[in-house]
Amino acid sequence: MAPLNKLQEKYDYICIGGGSGGVASSRRAASYGKKVALIESSPNLGGTCVNVGCVPKKIMWHAADLADRLRHASKGYHFENVPLPQFNWASFKPQRDAYIRRLNGIYEKNLEKEKVDYYGGTARLVSPNEVQITPSDGGEPYVIAGDYITVATGGLPTMPSDDQIPGASLGINSDGFFDLEDQPKRVAVVGAGYIAVELAGVLHTLGSETHVLIRRDRVLRTFDPILQDTLTPWMEHTGINIHKNATVVKVEGQKGGELTVHLNDGTQIKVDCVLWAIGRHARTEGLGLEELGIQLDKRGDVVVDEFQKALFVEGKPQLENIFAVGDIQGKALLTPVAIAAGRRLSNRLFGPEKFKNDKLSYEDIPTVVFSHPTIGTVGLTEPEARQKYGSAVKIYKSSFRSLYFSQIEEEHKEPTVYKLVVVGEEERVVGVHIIGQGSDEVLQGFSVAIKMGARKQDLDDTVAIHPTSAEELVTLR
């Protein structure tokens, strides 16, 4: 389905942004028989997750994980004639990209199937009910109108300017990671968050000399301390060079050639690639939001109420028809969150009476980190729980090695650590934090239990599945 070009078309609902939130919300609205338009500025639907995020990242993680398994196969499990893994990045990238293009096509077909009108171009709100579209093909701008409008343009990787850090533009961001045609032999990843951890893990496990530059002494600083304290030394143990309390002062060299990263303590690191993974920011530029009076917070995120309705600055009327979902509103920057919020919004606006108060709860949202080993976390961290509940907090935890590693040399046995945060005499579980092989898959089911208000006794009353790592969560004492 080629993008449309219709002048003065009138819609029940317009979604700006063809990523997870916009596509989910537009399709749900169309399923209720509404006339719906979706506008996307890039050539490919699916947003960050499909194109330069979750999906290609997980594919790369699988490649790295397979490299580890191949190394374990011969020494640990006595398979013969297993060659040492040599990853061919240059030949794998086109295969990975072809899969992503297939997903783009599926997204487009789904819009067509649901009868959502798809416009290719950049959007700008010119009134509370009108959106100007500048076509991607260079045609003249035109305007469409809608009763309700949702902004779901997502976010972008943040990079320092050359004024802030001389030579910063010689590096790439997380989007650029997926553009790399060849694997860099040496790389410096700047950042301590989950994106930095994931990409550094992939690069290192596939054979790149990897440096991680962090401003403090641990990675994943917003996660439960037990996850920080387990993963940081393990990354170092595996050979990742973590430079702690480090700030990049400047980068010198030529793009595509050797780069020298200068740190605040005088250290110089020679690499072939600098990858900035220092955060993300909302994609609001050029949308006309501030001109309409829509409120942005100090980070640049759209301020919304509990029903995703955009709030307006003081002195402007609080309109009831403009909404924001996904990363642009700055809360829980996760693909399933954008999808859930977008669908619930359309349920409430266009669905049956039972959905008249439908909205997404932003409490107890599970998330995983595709590190080596993987991490799963849901609910309150221990410091958050103690701040909220004080002395009513109790901790259950266990450290062990997955059975898989029983046959692996000691130095390669990955750690597994499980932690429950419980509150009160009833020991209601308010946090689950796990790291170790399979934690990404283990977490989903336990997240359901947390959402339902499970107590420690409920976990104790559940018969364990043996032998698994997950059984440890129902046998903690």
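**Close-up views of a predicted protein model**

**View 1. Helix α6 is largely enclosed by the rest of the structure, because 10 of its 12 residues are buried.** The model shown here and in the other views is predicted. The buried residues of α6 are A196, V197, E198, L199, A200, G201, V202, L203, H204 and T205. Helix α6 comprises residues 194-205, and at 1.5 Å a residue its 12 residues should span 16 Å; the C-alpha atoms at its ends lie 16 Å apart, so the expected and computed spans agree. Just after α6, G207 adopts a positive phi of about 115°.

**View 2. The whole protein contains 12 helices and 20 strands.** Its radius of gyration is 24 Å, close to the 23 Å that the globule rule gives for 477 residues, so the protein is as compact as a globular protein of that length. Taken along the principal axes, the box filled by the C-alpha atoms is roughly 70 × 60 × 45 Å. Of the 477 residues, 50% are buried. The accessible surface of the protein amounts to about 22500 Å², and carbon and sulfur atoms account for 50% of this surface. Among contacts between residues at least 6 apart in sequence, 64% join residues at least 24 apart.

**View 3. An open sheet is formed by 5 strands in the order β16-β17-β20-β19-β18.** The pairing in this sheet is antiparallel. The edge strands are β16 (367-369) and β18 (393-400), each of which pairs on one side only. Neighbouring strands are turned against each other by 15° on average, direction ignored. Strands of a sheet pair through backbone hydrogen bonds, either parallel or antiparallel. Strand β17 covers residues 375-379 and pairs with β16 over 3 bridges. V369 has I375 of β17 as its bridge partner.

**View 4. Strand β20 is largely enclosed by the rest of the structure, because 7 of its 8 residues are buried.** Strand β20 runs antiparallel to β17, to which it is joined by 5 bridges. The bridge partner of G379 is G431 in β20. Strand β20 also runs antiparallel to β19, and 7 bridges join these two strands. Here K419 stands opposite H433 of β20. The hairpin of β19 and β20 has 4 residues between the strands, and G424 takes a positive phi near 80° in this hairpin.

**View 5. Helix α10 lies across four strands, namely β17, β18, β19 and β20.** The helix consists of residues 382-389, whereas β19 spans 416-423 and β20 spans 428-435. Helix α10 runs at about 165° to β18. Strand β18 is one of the two edge strands of the sheet, the other being β16.

**View 6. K456, found in helix α12, is a buried lysine.** Helix α12 comprises residues 456-460. The relative accessibility of K456 is 3%; because buried means under 20% relative accessible area, K456 counts as buried. Not counting residues up to four places away in sequence, K456 touches Y396, L420, V422, E426, E427, V429 and L476.

**View 7. A second open sheet consists of 3 strands in the order β10-β11-β12.** The pairing is antiparallel. Strands β10 (248-253) and β12 (268-271) stand at the edges, each with a single partner strand, so one side of each has no neighbour in the sheet. Neighbouring strands of this sheet are turned by 20° against each other on average, direction ignored. Strand β11, residues 259-263, pairs with β12 over 4 bridges. The bridge partner of V261 in β12 is I269.

**View 8. V52 of helix α2 is partly exposed.** Helix α2 comprises residues 47-52. The relative accessible area of V52 is 23%; since partly exposed lies between the 20% and 50% limits, V52 falls into that class. Not counting residues up to four places away in sequence, V52 touches G47, D175 and F178. V52 and I100 are 48 residues apart in sequence, and their C-alpha atoms are 9.3 Å apart in space.

Definitions and conventions
Residues are numbered from 1 along each chain as its sequence is written. This is a predicted model: local features need pLDDT of at least 70, side-chain atom pairs count only at pLDDT 80 or more; totals for chains, interfaces and linings use all residues. Side-chain values use heavy atoms; hydrogens and water are left out. Two strands pair if DSSP finds at least two bridges between them. Axes are lines fitted to C-alpha atoms, for helices over the stretch in contact, and angles run from 0 to 180 degrees between N-to-C directions. Contact means heavy atoms within 4.5 Å. Buried means under 20% relative accessible area, exposed over 50%, partly exposed in between (1.4 Å probe, protein chains only). The expected span of a helix is 1.5 Å times one less than its number of residues. The radius of gyration is taken over C-alpha atoms; the globule rule is 2.2 Å times the number of residues to the power 0.38. Accessible areas come from the Shrake-Rupley method with a 1.4 Å probe; for residues, only the protein chains shown count as cover.
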